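Colleague: I have not looked at this protein before. Please take me through the model one question at a time.

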Amino acid sequence: MRAIRAFFNWLVDEEVIRVNPARHLRLPSLPKQPPKAISTKDRDRLLEAAKPDSRDYAIVCFLADTGCRVGGLVGLQLSDLDLETGRAVVQEKGKGGGKSRTVYFNGRTKEALSRWLEARPASEDNAVFLSKQTGEALTTSGIYQVLKRLAKRVGIGGRFNPHAFRHGWAREALKNGGTIADVAQVLGHEDEVITIRFYGRWADDELKKRHSKISPLAGD
């Protein structure tokens with residue numbers, strides 16, 4: 001929307017057209033509150049709870065480290081993983097249909113994936129993550145059940161669904177000093193406006209903390 005308005009403003013400035021046909025377009029309103037993300041504390045508790053099971057631990061690590069959509073996780077194939085460089089190619093269904101993109105992971109996730117691949121049973125299915133019951137690729141529902149079981153084990157009452165990990169990744173990245181452009185590229189957003197709309201807003205207490213760091217009089 002912003003791009004359309006800017007384009008027509010430019011056409012008017014260059015006297016290509018006389019009237020901006022987009023002048024009455026309204027920008028979509030921003031959400032009043034930041035999206036519901038898994039808390040850092042709950043994420044760490046799920047990681048700890050998953051450690052005894054190599055598959056579940058690799059799942060939680062991958063979600064927490066890459067910010068991928070759950071569709072990308074369940075569709076991940078053995079040939080899509082590059083453990084040496086910490087990259088994976090995922091197939092995701094975002095706006096505009098299915099698309100492939102590269103996601104990145106760090107040492108902890110690499111170790112978790114390596115441990116799971118060593119324990120992974122032989123299967124005709126080339127999916128990275130398999131169901132223990134069928135030996136076939138885990139489904140979206142299966143991933144949710146894994147997280148639900150872990151959350152119940154450690155008494156988590158907040159958000160723990162796969163998309164909450166994606167929201168959590170974005171929020172933590174921004175808190176850690178990542179830019180909107182960084183987050184947009186990692187999450188696979190084609191337009192940074194999407195990232196700003198959903199993640200570029202802070203709750204009141206978060207904004208106070210950030211203000212204390214970035215204000216010209218911070219520390220005085």
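Modeller: Helices and strands here are DSSP runs, with at least four residues for a helix and at least two for a strand, numbered from the N terminus. The model is a predicted one.

Colleague: In what pattern do the helices and strands follow one another along the sequence?

Modeller: The protein has ten helices and three strands. Read from the start of the sequence, the pattern is α-α-α-α-β-β-β-α-α-α-α-α-α.

Colleague: What percentage of the residues counts as buried?

Modeller: A residue is called buried when its relative accessible area is under 20%. The protein has 220 residues, and the buried part of them comes to 37%.

Colleague: How much surface does the protein expose?

Modeller: Carbon and sulfur atoms supply 51% of the exposed surface. The area as a whole is about 13,300 Å².

Colleague: What share of the contacts with a separation of 6 or more comes from residues 24 or more positions apart?

Modeller: A contact here means heavy atoms within 4.5 Å. Among contacts in the protein with a separation of 6 or more, residues 24 or more positions apart account for 58%.

Colleague: How many disulfides does the structure hold?

Modeller: A disulfide is a covalent bond between the sulfur atoms of two cysteines. Cys61 is buried, at a relative accessible area of 4%, and Cys68 is buried too, at 1%. For a disulfide to be counted, two cysteine sulfur atoms must lie within 2.5 Å. The number of disulfides in the structure is zero.

Colleague: How many cavities of 30 Å³ or more are there?

Modeller: Rolling a probe the size of a water molecule over the atoms shows where empty space is left. To count as a cavity, a space must let a 1.4 Å probe fit but not get out. The count of cavities of 30 Å³ or more comes to two.

Colleague: Which element gives the largest share of the lining of the largest cavity?

Modeller: The largest cavity holds about 70 Å³ of space. Its lining consists of Ile38, Ser39, Thr40, Arg43, Ala64, Phe165, Gly168, Trp169 and Glu172. Two or more of these residues come from each of α2 (40-50) and α7 (162-175). The largest share, four residues, comes from α7.

Colleague: How many charged residues are in the lining of the largest cavity?

Modeller: Asp, Glu, Lys and Arg count as charged, and the lining includes Arg43 and Glu172. Besides four nonpolar and three polar residues, the charged residues in this lining number two.

Colleague: How many nonpolar residues line the second largest cavity?

Modeller: The second largest cavity has a volume of about 30 Å³. Its lining is made up of Leu73, Val74, Leu76, Ala127, Val128, Phe129, Leu138 and Ile143. With no polar and no charged residues in this lining, the nonpolar count is eight.

Colleague: Which residues does Gly168 touch, leaving out those up to four places away in sequence?

Modeller: Gly168 lies in helix α7 and is one of the residues lining the largest cavity. At 8% relative accessibility, Gly168 is buried. Its C-alpha atom is 9.7 Å from that of Tyr199, 31 residues away along the chain. Apart from residues up to four places away, Gly168 touches Ala37 and Ile38.

Colleague: Is Asp42 buried or exposed?

Modeller: Asp42 belongs to helix α2. Beyond its neighbours within four places in sequence, Asp42 is in contact with Ile156 and Gly158. Its relative accessible area is 11%, under the 20% cut-off, so Asp42 is buried.

Colleague: How far apart are the C-alpha atoms of Leu150 and Arg45?

Modeller: Leu150 lies in helix α6, residues 140-154, and is buried, with a relative accessible area of 1%. Not counting residues up to four places away in sequence, Leu150 touches Leu46, Ala49, Ala50, Asp56 and Val60. Leu150 and Arg45 are 105 residues apart along the chain, and the separation of their C-alpha atoms is 9.0 Å.

Terms used:
Residues numbered from 1 in each chain as written. Predicted model: local features only at pLDDT ≥ 70, side-chain atom pairs only at ≥ 80, totals over all residues. Heavy atoms only, no water. Buried < 20%, exposed > 50% of the residue type's maximum accessible area, 1.4 Å probe, protein only. Areas by Shrake-Rupley, 256 points an atom, 1.4 Å probe, with all protein chains shown as cover. 1 Å grid on protein atoms, 1.4 Å probe; cavity = no way out; pocket = protein on both sides within 12 Å on 5 of 7 lines; lining within 4 Å. Points joined across faces, edges and corners; volume = space filled by probe spheres on them.
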